[in-house]
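Subject: Structure handover and notes

Dear colleague,

I am passing the structure on to you with this message, and my notes on what was found in it follow below. Please read them with the coordinates open beside you.

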Amino acid sequence: MEKQYDIIIAGGGLSGLTAAILFSRKNKVLLIDPDTYPRHKMCGEYLSNEVTGFLKELGIDLDLETTMNLESLKFTASRDKQIKCELPQGGKGISRYHLDHLLYQKAIEKATFLQDKVIDANFKDDSFEVKTITQELSCRLFLMATGKRSLLDKKLDRNFIQQKSPWLAVKMHYKFDMETNLVELHNFDGGYAGVSKVEDGHVNLCYLASYESFKRHKNVDDFNKEILSKNEFLKAFFKQATPVWDQPITISQISFEKKDPVENNIIMMGDTAGLIHPLCGNGMAMAIHSAKIAYEELQPFLEGHISREQALEKYAITWDKTFQKRLKMGRLLQGILLNRTYTKLGLWFLRRFPFLLSTIIKSTHGKPI
Ligand SMILES: Cc1cc2nc3c(=O)[nH]c(=O)nc-3n(C[C@H](O)[C@H](O)[C@H](O)COP(=O)(O)OP(=O)(O)OC[C@H]3O[C@@H](n4cnc5c(N)ncnc54)[C@H](O)[C@@H]3O)c2cc1C
C-alpha cells in the first residue's frame, strides 16, 4: 500500500468518518480503524438535530434513513417522580450500526480505508511517522479520533489516562412497545438509563453506572434486577421487553476528565478531545461538529495559506469556544443526578417550573451547524 498521505486519521467512529469525508475532497486521506462496518457500538443513539442539516450537505439525508423523530423527553426517578418536556431541537433515533455505515460508505468514495490499529505517532521534521500493527506510514497532519480511551492515549502518555475512570456502560436492543417520538431518561442508584427507538423499530436501552454500585452484583442481569428495577419504569420495561441480541454490549473505564484538543501537534476530535456526559445526548453531534471545525481550521494550512502553529491554535481556540460550556454543564448535571437529595430537590423544583428543563437541555446543546 502507499506510505505517504496528506492526512492520516486514527479511528473511524463519527468524528473520524466525518473528517475523512471532508478532507478527502481536496487531499489524500487514509482512515484507519480496527473494525469493519456495519457494527454495533456503545451509544444511546439519540442524535441531536443540530447536525442533521450538515449531514444532509454531506449527502446523508436522515429523513430517508429513520422515521424516529425524537421530540419529547420523559425523566423519571421512580413511579411518582416523573417530568416530561419537549426537546427544544429534537433529534433522530438512529442506530450506530446504521449511521456509522452510512458515513463509512461516503468516506470511502474518496478516502482510503485500512483495517488496522494505530500504535504510535511521532511528529518529526514537520511531518508525522505513524505506526500501525502492520505498516509504517507518514503524513503532514495526523488526526486522532480514537474515542473515549485507546491504547494510543496511553502510548502518548495523555494526562487523563492517569486518572481513575470509575464508569461503565451497558447497551442492549429490545422489542418493546413505546411511543415513537419519546426519549426516556430513568435515574437509578449510581447511574441513569436512556430508552428510545431506532430506525428498525427496536428500542435501545443504554445506561451508565458507577463501578462502585455495579461491583456488588454478579453480572448485568443481576444489576438490572437489583438496582435498575428499583425504578418502577425500568422494572416494567424489563418485565415486558424482549432482548434482540444474545448478549449486551458493555464497556468500562469511561473517563470524563478534561482533555486537550491539541497535543504533541496532534489534532484530537470527538471523544478524544473531550467526552460530554451521556445524559446530555450531545456527544455524537459534538463528534461530527469537531470534524467540521478541524476541516475549516486546518485546510488553509494544507493549502499553504497559514502556518501549522496558526492552524493548530485556531483549532484549539474554536474547539474550546464551541464546546467548553456544554461540557461544564454536563458535569454539573451529572453531579446532581447522582446525588439522591439533589435529584429529589431538582425534580420538586422542575415540576413547579417545568419550562426550566428546556432551558437546561438547551445549555447542553449548540445551534444547528
Ligand atoms: C453510555 C453512553 C451513551 C451515549 N449516548 C449518546 C446519545 O444518546 N447521543 C449522543 O449524541 N451521544 C451519546 N454518547 C456519546 C457518543 O457515543 C460519543 O460521543 C461518540 O460516539 C463519539 O464519537 P467519536 O468519533 O469521538 O468516537 P467513537 O465513535 O467511539 O469512535 C472511535 C473509533 O476509534 C477506533 N479506534 C480506537 N483505537 C484505535 C486505534 N488505536 N487505531 C485506530 N482506530 C482506533 C475505534 O474502533 C472506534 O471505531 C453516549 C456515550 C456513552 C458512553
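I begin with helix 8, which spans residues 232-240 and in which Phe233, Leu234 and Phe237 are buried. These residues lie on the same side of helix 8, because the arc that they cover around the axis is only 95°. The N-terminal end of helix 8 is capped by asparagine 231, whose side-chain oxygen lies 2.8 Å from the backbone nitrogen of phenylalanine 233. Please keep in mind, here and throughout, that this is a predicted model.

Phe237 also leads to the aromatic residues, since ring pairs link Tyr174, Phe176, Phe237 and Phe238 into a cluster. In total the structure holds 15 aromatic pairs. One of them is formed by tyrosine 104 and phenylalanine 113, which meet edge-to-face with 5.2 Å from centre to centre and 85° between the planes. Tyrosine 104 counts as buried because its relative accessibility is 15%, which is under the 20% limit, whereas phenylalanine 113, with a relative accessible area of 21%, is partly exposed. Phenylalanine 188 and phenylalanine 223 form another edge-to-face pair, with 6.0 Å from centre to centre and 80° between the planes. That pair links distant parts of the chain, given that phenylalanine 188 belongs to strand 11 (residues 182-188) and phenylalanine 223 to helix 7 (residues 220-226), 35 residues apart. Both phenylalanine 188 and phenylalanine 223 are buried.

Turning to the ligand, there are 32 residues around it, and those that come nearest are Asp33, Lys41, Gly44, Tyr46 and Asp271. By class, the residues of this shell divide into 13 nonpolar, twelve polar and seven charged. The backbone takes part in several contacts: a polar backbone atom of valine 118 is 2.9 Å from a nitrogen atom of the ligand, a backbone N or O atom of alanine 145 lies 3.4 Å from a ligand oxygen, and a polar backbone atom of methionine 284 is 2.8 Å from an oxygen atom of the ligand. On its own the ligand has 1000 Å² of accessible area, of which the protein covers 93%. The elements that give two or more residues to the shell are helix 1 (14-23), strand 2 (29-33) and helix 9 (283-302), and helix 9 gives the most, with three residues.

Two loop residues remain to be mentioned. Arginine 39 is found in the loop between strand 2 and strand 3 (46-48), and arginine 39 counts as buried because its relative accessibility is 9%, under the limit of 20%. Although arginine 39 and aspartate 100 are 61 residues apart in sequence, their C-alpha atoms are 8.1 Å apart in space. Threonine 66, for its part, has its place in the loop between helix 3 (62-65) and strand 4 (69-78). Threonine 66 is buried, with a relative accessible area of 4%, and the side chain of threonine 66 reaches the backbone oxygen of glycine 93 at 2.7 Å.

With best regards

Conventions: Residues numbered from 1 in each chain as written. Predicted model: local features only at pLDDT ≥ 70, side-chain atom pairs only at ≥ 80, totals over all residues. Heavy atoms only, no water. Near = heavy atom within 4 Å. Polar contact = N/O pair within 3.5 Å; in protein donor to acceptor, adjacent residues only side chain to side chain. Areas by Shrake-Rupley, 256 points an atom, 1.4 Å probe, with all protein chains shown as cover. Helix = DSSP H or I, 4+ residues; strand = E, 2+ residues; numbered from the N terminus. Nonpolar A, V, L, I, M, F, W, Y, C, P; charged D, E, K, R; others polar. Buried < 20%, exposed > 50% of the residue type's maximum accessible area, 1.4 Å probe, protein only. Arc of directions from axis to C-beta. Phe/Tyr/Trp six-rings, centres within 6.5 Å; stacked < 30°, edge-to-face > 60°.
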